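Trainee: I should like to take a close look at one strand and its surroundings. Please guide me through that part step by step.

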Amino acid sequence: MDFNHNLEGLRLGGIRRYTGLAREQGDCVMLTLGEPEFDTPAPIREAAKAALDQGLTHYTPNAGDLALRRAISQFEAEKRGLSYAPEEILVTLGATEAIYTAMTGVLNPGDEVIIPTPAFSLYDTVARMAGAVPVPVYTAEEGFQLRAQALARALSPRTKLLVLNSPNNPTGAVYTRENLEAIAALLRDRELYILCDDVYWGLGPCFTFTQLPEFRDRILAVQSFSKPYAMTGWRMGYLMAPQPLLDRLAVLHAHAVTCAPAMLQAACVEALRWDPSAMAAAYARRREYIVSRLEELGLPCGQPQGAFYVFPSVSHLTDDDGDFCVRLIRQGKLATVPGSVFGAPGYLRMSYCCSMEDLKEAMNRLKRFLGESK
């Protein structure tokens, strides 16, 4: 029996592959996963427990509990000046489902999706699953900024969707307002959707394309509770879009997952009251440390401004970043992810959301490995 031909060549994400290899090896310091080392704050956990005790174990509306959607609406208005009514908000199983629902909901076979690279591999995967054509736009030579000129060269009559992920995974880059406004000027008279993946915004507020009101009718805005509130295992996120579009996407979501878990939605209301600034400050200190250590080791990575990743170049050390990562795991007992996983060979992605103790040990192991490899 045959299967969906769009599944051909589809593999588990490279991040998980290198994480799995490191776990098999044992005694590795892990800088692979973008997962905060902090536990979910106690008030959020207590809210989930209280919801269970209150019997919140039943279905909610497909789009999400109204109390949570109202809380999200108020939060986005107060924090980012965004005006989305509860009816324009869809509660999803993490940002992953929000991205999947948004992309499969608007793409048809043959449509083109512009993806600035390096990029999280999910965009490419979902585009292909929808029968669409990923169009990468490489940004490394521009300091990982998407320039309007480069975008203009990638646009075609078949362009249906542009992905903007800022703060960016894997580079930590934050698109400047100047660049975003230049992109806006270019797109003003074009008919296409913009997927704004802002899941790292909560770790250090910055201006995003989502905040350009003239594009509101074309924006699919993705957010997550995972990163700012250390809730990766909860798998909670949300999608915001104009109501006519969101109503159709909500049907797709309903057929796929019905609704997000009721008791977790109740906890997310509490999460929106939580101030994540202490965690964000810890990440900023770790970023300063790892950047300085990498520079000492001759691995330039620029100055990331957001998320919790650095993306140093190793092109002067190897022609195969995947092999380099395997050797680093096996010989150096340090796990990172090769840039090729994100469409940028010759780089490494390192997550610094681990403890400072682990981060220091990681840099010491990297120093030893580089010394032994000479």
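Mentor: The account below begins with strand E6 and then moves to its neighbours and contacts. This is a predicted model, in which local features need pLDDT of at least 70 and side-chain atom pairs count only at pLDDT 80 or more, while totals for chains, interfaces and linings use all residues. Residues are numbered from 1 along each chain as its sequence is written, and side-chain values use heavy atoms, with hydrogens and water left out.

Helices (H or I, at least four residues) and strands (E, at least two) are DSSP runs, numbered from the N terminus. Buried means under 20% relative accessible area, exposed over 50%, and partly exposed in between (1.4 Å probe, protein chains only). Four of the five residues of E6 are buried, so the strand is largely enclosed by the rest of the structure.

Consider next how E6 is paired. Strands of a sheet pair through backbone hydrogen bonds, either parallel or antiparallel. Two strands are said to pair if DSSP finds at least two bridges between them. Strand E5 (residues 159-165) runs parallel to E6, and five bridges join the two. Within this pairing, Leu-164 stands opposite Cys-196 in E6. E6 and E7 also run parallel, joined by four bridges. Here Leu-195 has Leu-220, in E7, as its bridge partner.

The connection from E5 to E6 involves a helix. E5, helix H7 (residues 177-187) and E6 make a right-handed β-α-β unit. A crossover is right-handed if, with the strands pointing away from the viewer, the path from the first strand over the helix to the second runs clockwise.

The side chains come next. A nonpolar core is a set of buried Ala, Val, Leu, Ile, Met, Phe, Trp, Tyr and Cys residues joined through side-chain atoms within 4.5 Å. The largest such core has 82 residues, and those with the most contacts inside it are Leu-195, Leu-220 and Leu-366. Apart from it lies another core, of 54 residues, among them Ile-44, Val-91, Val-135 and Ile-194. In soluble globular proteins, nonpolar side chains tend to be buried together. Contact means heavy atoms within 4.5 Å. Not counting residues up to four places away in sequence, Leu-220 touches residues including Tyr-193, Ile-194, Leu-195 and Cys-196, as well as Leu-161, Leu-239 and Met-240.

A charged pair also belongs to this region. A salt bridge is a side-chain nitrogen of Lys or Arg within 4 Å of a carboxyl oxygen of Asp or Glu, and the structure holds 16 of them. One of these links Arg-80 with Asp-198, the closest N and O atoms being 2.8 Å apart. Arg-80 lies in helix H3 (residues 66-80) and Asp-198 in the loop between strand E6 (193-197) and strand E7 (219-224), so the pair ties together parts that are 118 residues apart in sequence. Arg-80 and Asp-198 are both buried.

Another salt bridge may be set beside this one. The side chains of Arg-327 and Asp-323 meet at 3.1 Å, N to O. Both residues lie in helix H11 (residues 321-332), four residues apart, about one turn of the helix. Arg-327 counts as partly exposed at 25% relative accessibility, and Asp-323 likewise counts as partly exposed, at 37%.
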